[in-house]
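Please look through the sequence and the fold below before reading on. The briefing then takes up a few topics in turn.

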Amino acid sequence: MTMWPDGFTTRYRIAKDTLILDLGTRMRVLSSAPRGGGLRTTRYIVNHQVSSNPVRQATHSKWEHPARYLKRIAVDLGVDPDCVGLMTAVPMKQVVTCREAQDGIWVECFATVGVTNAVRAGEPPPREEADSTVRRAGTINLMVVTNACLAVPALVCAVQVVTESKTGVLRDHAVPSWTGRPGATGTGTDAVVVACALRGSAPRSDYAGTHTPIGSLIGRVVAECLTQGLARATEWAATHRT
């Protein structure tokens with residue numbers, strides 16, 4: 001199923017438990033993705049749903065190399081394997097989107113939100129035998145796309161703003177850590193992707209902090225997606241209690 005929300009530039013579709021973003025052309029991307037992470041150019045971003053605890057499944061060996069697994073997923077979907085790929089246990093029907101525009105610059109955000117794996121930065125990592133709640137990994141995957149041409153330092157700043165906005169919403173909604181402590185700042189498996197236009201194809205921004213127009217746009221779309229995503233996660237949890 002191919003979708004293109006009214007006013008959006010980024011085409012996306014959901015197929016075989018995978019969200020596929022088609023940027024339309026190669027863009028500069030900075031991400032923490034398990035496939036294609038770091039700084040690169042690509043046309044496609046994929047966010048694939050896996051089981052809530054893949055490393056414990058009988059097919060354990062295929063999960064040892066997420067990048068290779070995501071490459072196989074991309075090929076199966078007919079997507080260029082030279083893509084950026086993410087994983088999540090959140091169902092793709094819970095994808096949320098938001099768009100903001102100002103003075104010729106637009107920012108679009110796509111997100112899947114799960115917080116069963118929520119954590120407060122600085123807490124010790126869970127042990128192997130830790131509470132089963134943390135093993136049902138809930139991940140916040142945030143994919144932000146803009147027509148602005150961001151310098152590399154601005155891309156780093158954009159990731160910072162995405163993270164600040166995410167954490168602000170989690171605090172506003174009093175999301176607790178899996179340990180029960182208040183003030184979760186994210187989850188233990190979050191990923192962030194920021195994609196921007198290549199040099200010369202859109203307005204250039206050397207900065208993208210919270211005092212800049214592009215930073216303000218990024219903060220707003222991420223906050224809206226997190227707010228919507230938390231509501232959907234709450235609804236999902238209420239209907240899937242065991």
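What follows is a guide to confidence, core packing, two helices, a hairpin, the cysteines and one loop residue.

The structure is a predicted model, and its protein chain averages a pLDDT of 89, with 88% of the residues scoring at least 70. The largest nonpolar core holds 35 residues, and α4 contributes the most to this core, with eight residues.

**Confidence**

- Residues 55-62 have a pLDDT below 50, and this stretch makes six contacts in the model beyond near neighbours in sequence.
- Residues 131-135 also fall below a pLDDT of 50, and beyond near neighbours in sequence that stretch has 12 contacts in the model.
- Where pLDDT is low, the predicted coordinates should not be read in detail.

**Nonpolar cores**

- Within the largest nonpolar core, which counts 35 residues, Ile218 and Val222 are the residues with the most contacts inside it.
- Two or more residues of this core come from each of β6 (96-102), β7 (105-113), β9 (140-146), α3 (152-172), β12 (191-196) and α4 (213-239).
- Apart from this core lies another one, made of 20 residues, among them Tyr12, Leu23, Val145 and Ala195.
- Leaving aside residues up to four places away in sequence, Val222 touches Cys109, Leu142, Val144, Val162, Ser165 and Lys166.

**Helices α4 and α3**

- The 27 residues of α4 should span 39 Å at 1.5 Å a residue, and because its end C-alpha atoms are 40 Å apart, the expected and modelled spans agree.
- The buried residues of α4 include Ile214, Leu217, Ile218, Val221, Val222, Cys225 and Leu226, and the buried residues of this helix pack against β6, β7, β9, β10 (149-150), α3 and β13 (204-205).
- For α3, the 21 residues should span 30 Å at 1.5 Å a residue, which agrees with the 30 Å between its end C-alpha atoms.
- Among the buried residues of α3 are Ala154, Leu155, Ala158, Val161, Val162, Ser165 and Lys166.
- Alanine 174, which follows α3, has a positive phi, near 55°.

**The hairpin of β6 and β7**

- The strands β6 and β7 run antiparallel and are joined by seven bridges, with alanine 101 standing opposite tryptophan 106 in β7.
- Two residues lie between the strands of this hairpin, in which aspartate 103 takes a positive phi near 55°.

**Cysteines**

- A search of the whole structure finds zero disulfides.
- Why is cysteine 98 not bonded to cysteine 225, the cysteine with the closest sulfur? The two sulfur atoms are 5.3 Å apart, which is too far for a bond.
- Cysteine 109 is likewise in no disulfide, and the nearest cysteine sulfur, again that of cysteine 225, is 3.6 Å away, whereas the cut-off for a disulfide is within 2.5 Å.
- Cysteine 98 counts as buried because its relative accessible area is 11%, under the cut-off of 20%, and cysteine 109 is buried with a relative accessible area of 0%.

**Alanine 148**

- Alanine 148 lies in the loop between β9 and β10, and with 0% relative accessibility this residue counts as buried.
- Although alanine 148 and isoleucine 214 are 66 residues apart along the chain, their C-alpha atoms are separated by 8.0 Å.
- Not counting residues up to four places away in sequence, alanine 148 touches Ile105, Cys196, Ala197, Ala202, Pro203, Ser205 and Ile214.

Definitions and conventions. Residues numbered from 1 in each chain as written. Predicted model: local features only at pLDDT ≥ 70, side-chain atom pairs only at ≥ 80, totals over all residues. Heavy atoms only, no water. Core = buried A, V, L, I, M, F, W, Y, C linked by side-chain atoms within 4.5 Å. Buried < 20%, exposed > 50% of the residue type's maximum accessible area, 1.4 Å probe, protein only. Helix = DSSP H or I, 4+ residues; strand = E, 2+ residues; numbered from the N terminus. Contact = heavy atoms within 4.5 Å. pLDDT = per-residue confidence, 0-100. Pairing = 2+ DSSP bridges. Expected span 1.5 Å × (residues − 1).
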